[in-house]
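Please open the model in your viewer and keep the sequence panel beside it. The tour below moves from one selection to the next and says what is found at each stop.

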Amino acid sequence: FQKYEGVMEFYIIPDEEALSKCAWCQSHINDHMEVLGLGVKLRPDVDLFEYESHCIQIGLVSEEKPVYMMVTAQGSQARHDGNGGMFLVCSEGCSTELKSVLEKEISLGAMFETVRL
């Protein structure tokens, strides 16, 4: 485990597991489902270099549940678009709930600076 400012925790999740579950509700996602992605800009003082191209589980400040986040790689389109992390969700409902929680994390000074669909 690595702590972020004494609160945030993250560790690498196998890609197969991370890409087959909704980041918010943990429901199974398969190759035939339409999924949505939420992108986040990380705060400048957050260094996830060692986790690039991996999925990590992070503990949220405002929620009891952990979520899966893909750390974008240098040179990727997602990183070019300003996203340091991406969340894969199974529905509009999960997207809305996760976005709301991530916005609360921003207001609490957690590791995120912005969140967008």
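**Confidence first**

Colour the protein chain by pLDDT, the predictor's confidence in each residue on a scale from 0 to 100: the chain averages 86, and 92% of the residues score at least 70. This is a predicted model, in which local features need pLDDT of at least 70 and side-chain atom pairs count only at pLDDT 80 or more, while totals for chains, interfaces and linings use all residues. Residues are numbered from 1 along each chain as its sequence is written, and side-chain values use heavy atoms, with hydrogens and water left out.

Helices (DSSP runs of H or I, at least four residues) and strands (runs of E, at least two) are numbered from the N terminus. Among these elements, strand 1 (residues 2-4) has the lowest mean pLDDT, 40, and strand 6 the highest, 95. Next select residues 1-7, where the pLDDT is below 50; beyond near neighbours in sequence, this stretch has 20 contacts in the model, a contact being heavy atoms within 4.5 Å.

**The aromatic pair**

Select F87 and F112, whose ring centres are 6.1 Å apart and whose planes stand at 70 degrees, so that the pair is edge-to-face. Rings of Phe, Tyr and Trp (its six-membered ring) pair if their centres lie within 6.5 Å, with planes under 30 degrees apart counted as stacked, over 60 as edge-to-face and the rest as tilted. A search of the whole structure finds one such pair. The pair links distant parts of the chain, since F87 belongs to strand 6 (residues 85-89) and F112 to strand 7 (residues 112-116), 25 residues apart. Are these two rings buried or exposed? F87 is buried at a relative accessible area of 0%, and F112 is buried at 2%, where buried means under 20%, exposed over 50% and partly exposed in between (1.4 Å probe, protein chains only).

**Helix 3**

Move to helix 3 (residues 92-107), whose 16 residues should span 22 Å at 1.5 Å a residue (the expected span being 1.5 Å times one less than the number of residues); its end C-alpha atoms are 23 Å apart, which agrees. Its buried residues are C94, S95, L98, V101, L102 and E105. Looking down the axis, you will find them within an arc of 135 degrees, so they line one face of the helix, the arc being that of the directions from the helix axis to the C-beta atoms. The face turned away from this buried side carries the exposed residues E92, T96 and S107.

Within the helix, pick S95, which counts as buried at 2% relative accessibility. Leaving aside residues up to four places away in sequence, S95 touches L36, L38, V89 and L117. Just after helix 3, G109 takes a positive phi of about 80 degrees.

**Two loop residues and two further stops**

Most residues other than glycine have a negative phi. Select Q26, whose phi is near 70 degrees; Q26 lies in the loop between helix 1 (15-18) and strand 3 (36-42) and is partly exposed at 30%. S53 also has a phi near 70 degrees, lies in the loop between strand 3 and strand 4 (55-59), and is partly exposed at 48%.

Then show W24, with K65 over its face at 3.8 Å from the ring centre; the criterion is NZ of Lys or CZ of Arg within 6 Å of the ring centre and within 35 degrees of the ring normal. Finish at Q57 in strand 4, which is buried at 16%; the C-alpha atoms of Q57 and A23, 34 residues apart along the chain, are separated by 9.2 Å.
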